[in-house]
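Student: I would like to take a close look at one part of this model, and then see how its charged side chains are placed. Could you walk me through it carefully?

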Amino acid sequence: MRRLVCVPLSTPQVEQLASGCLRNLAGFAATETQMAAFGLDPASADDLEMAEYQAVCIASVVCLLRGDRRIVATALVEVEPGGDEISGGSFGKVVVAELAAEDVVAVFVDEPEALGAAEAASHSVQGLDLSAAWESPPVSSLLAEHGLLWHSLGEIADS
């Protein structure tokens, strides 16, 4: 079954995706584990929408951990469990075996005014794991104060 997945990407990956596909990527989705961890009800459409937004935010934090700018592709793809259910994690991690350009619904990136705050947050979380980075004050502030802008894949690949 295809589901909406949020995939953290680097600039080179965006360029590669625009002209082909990427394989074996970590992504984040509104899984039952993720929804339970955030106190959301899988039967509620509003909560599902909130869980998908949380997945975008989680993927953006992964970008910060890698020292990259925040680039998150949302795509409708087939997924495999990515370890959350096995490890007891709560972030909805899944594995995307193949991501093609036509699967991408939207790409989210920082607004220009947020780049300094994103860079500072990225520096502050280097060496942390996702859970610690998620809880860090610089990341919390970034997520609260600087949303991501929606673009098509073509717009991002051409910039």
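Student: Which residues are buried in helix α7 (residues 137–145)?

Tutor: In this predicted model, the buried residues of helix α7 are Val139, Leu142 and Leu143. Viewed down the axis of α7, these buried residues fall within an arc of 95°, so they line one face of the helix. The spacing follows a general rule: an α-helix has 3.6 residues a turn, so residues three or four places apart point the same way. As for what the buried face meets, the buried residues of α7 pack against α3 (45–65), α5 (115–125) and α6 (130–135). The face of α7 turned away from that buried side carries Pro137, Ala144 and Glu145, which are exposed.

The charged pairs come next. A search of the whole structure finds four salt bridges, and the pair formed by Arg70 and Asp110 is a useful one to begin with, their side chains meeting at 2.4 Å from N to O. Arg70 lies in the loop between α3 and β3 (71–78), while Asp110 lies in strand β6 (residues 104–110), so this pair ties together parts that are 40 residues apart in sequence. With buried meaning under 20% relative accessible area, Arg70 counts as buried because its relative accessibility is 1%, and Asp110 is likewise buried, because its relative accessible area is 6%.

Another salt bridge joins Arg23 and Glu98, with the closest N and O atoms 2.2 Å apart. This pair also links distant parts of the chain, since Arg23 sits in strand β2 and Glu98 in strand β5 (residues 93–100), 75 residues apart. Here Arg23 is exposed, with a relative accessible area of 52%, whereas Glu98, at 40% relative accessibility, counts as partly exposed.

Arg66 and Asp68 form a further salt bridge, in which the closest N and O atoms are 3.2 Å apart. Arg66 counts as partly exposed at 39% relative accessibility, and Asp68 falls into that class at 25%.

Strand β2 (residues 21–29) also contains Asn24, a residue other than glycine whose phi is positive, near 50°. Asn24 is exposed, with a relative accessible area of 61%.

Key:
Residues numbered from 1 in each chain as written. Predicted model: local features only at pLDDT ≥ 70, side-chain atom pairs only at ≥ 80, totals over all residues. Heavy atoms only, no water. Helix = DSSP H or I, 4+ residues; strand = E, 2+ residues; numbered from the N terminus. Buried < 20%, exposed > 50% of the residue type's maximum accessible area, 1.4 Å probe, protein only. Arc of directions from axis to C-beta. Contact = heavy atoms within 4.5 Å.
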